[in-house]
Amino acid sequence: MFEQFYNTFIVEARWTLLLSGLGNTMLITVAAVAMGFILGFIIAIIRATHDKTGKLVIPNIICRIYLTIIRGTP
């Protein structure tokens, strides 16, 4: 079993595939966190502005619908 592992990962250099996959995973993770932070910040600003001033009625409705869908998703 050790010999097969050695041949597969070391001799055939398949560890580079795992390293490449890890890099792609990290890139997707960072992009998703950044997009989530930006979207959450925008929604929070719209909702807080509407609650304080009563302005931004249409964006507030869109945010409420979006939040209802996201909260209802298991």
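# Worked exercises on a predicted model

By the ring-centre rule, the count in this predicted model comes to 2 aromatic pairs.

**Exercise 1.** Determine how the rings of Phe5 and Phe9 are arranged as an aromatic pair, and how exposed each of these residues is.

*Solution.* Begin with the geometry: the ring centres of Phe5 and Phe9 lie 4.7 Å apart, and the angle between their planes is 40°. Rings pair if their centres lie within 6.5 Å, and planes under 30 degrees apart count as stacked while those over 60 count as edge-to-face, so that the rest are tilted; the pair of Phe5 and Phe9 is accordingly tilted. Next, consider the sequence positions: Phe5 and Phe9 are separated by about one helical turn, because they stand 4 residues apart in helix 1. Finally, turn to accessibility, where Phe5 counts as partly exposed at 47% relative accessibility, and Phe9 is also partly exposed, with a relative accessible area of 25%.

**Exercise 2.** Identify which residues make the nonpolar surface patch and which element contributes the largest share of the patch.

*Solution.* The patch, of about 990 Å², is made by Phe2, Phe5, Tyr6, Ile10, Val11, Trp15, Leu19, Leu22 and Met26. The elements giving two or more residues to this patch are helix 1 (2-11) and helix 2 (15-53). Helix 1 supplies the largest share, with 5 residues. To look at one member in detail, take Val11, which is placed in helix 1 and counts as exposed because its relative accessibility is 54%, the cut-off for exposed being over 50%.

**Exercise 3.** Find how many salt bridges the whole structure holds, and describe the partners Glu12 and Arg14.

*Solution.* A search of the whole structure finds 1 salt bridge. Glu12 forms a salt bridge with Arg14, and their closest N and O atoms are 3.0 Å apart, which can be set against the limit of 4 Å for such a bridge. In general, side chains of opposite charge can pair when their charged atoms come close. As for the surroundings of the two partners, Glu12 is partly exposed with a relative accessible area of 45%, and Arg14 is partly exposed with a relative accessible area of 41%.

**Exercise 4.** Examine the backbone of Ala13 and of Leu56, and state where each of these residues lies.

*Solution.* Ala13 is not a glycine, although its phi is positive at about 55°. This residue, Ala13, lies in the loop between helix 1 and helix 2, and at 30% relative accessibility Ala13 counts as partly exposed. For Leu56, phi is again positive, near 60°, in a residue other than glycine. Leu56 is placed in the loop between helix 2 and helix 3, and with a relative accessible area of 36% Leu56 is partly exposed.

**Exercise 5.** Is Asn60 buried or exposed, and which residues does Asn60 touch, leaving aside those up to four places away in sequence?

*Solution.* First place the residue: Asn60 lies in helix 3, which spans residues 57-72. Its relative accessibility is 4%, and Asn60 therefore counts as buried, since the cut-off for buried is under 20%. Then list the contacts: once residues up to four places away in sequence are not counted, Asn60 touches Ile46, Arg47 and His50. With one of these, Arg47, the contact is also polar, a distance of 3.3 Å joining the side chains of Asn60 and Arg47.

Terms used. Residues are numbered from 1 along each chain as its sequence is written. This is a predicted model: local features need pLDDT of at least 70, side-chain atom pairs count only at pLDDT 80 or more; totals for chains, interfaces and linings use all residues. Side-chain values use heavy atoms; hydrogens and water are left out. Buried means under 20% relative accessible area, exposed over 50%, partly exposed in between (1.4 Å probe, protein chains only). A polar contact is a pair of N or O atoms within 3.5 Å; within protein, one must be able to donate a hydrogen and the other to accept it, and residues adjacent in sequence count only if both atoms are side-chain atoms. Contact means heavy atoms within 4.5 Å. Patches are made of residues with over 30% relative accessible area and no salt bridge: like charges are joined within 9 Å, nonpolar side chains (Val, Leu, Ile, Met, Phe, Trp, Tyr) within 5 Å. Accessible areas come from the Shrake-Rupley method with a 1.4 Å probe; for residues, only the protein chains shown count as cover. A salt bridge is a side-chain nitrogen of Lys or Arg within 4 Å of a carboxyl oxygen of Asp or Glu. Rings of Phe, Tyr and Trp (its six-membered ring) pair if their centres lie within 6.5 Å; planes under 30 degrees apart count as stacked, over 60 as edge-to-face and the rest as tilted.
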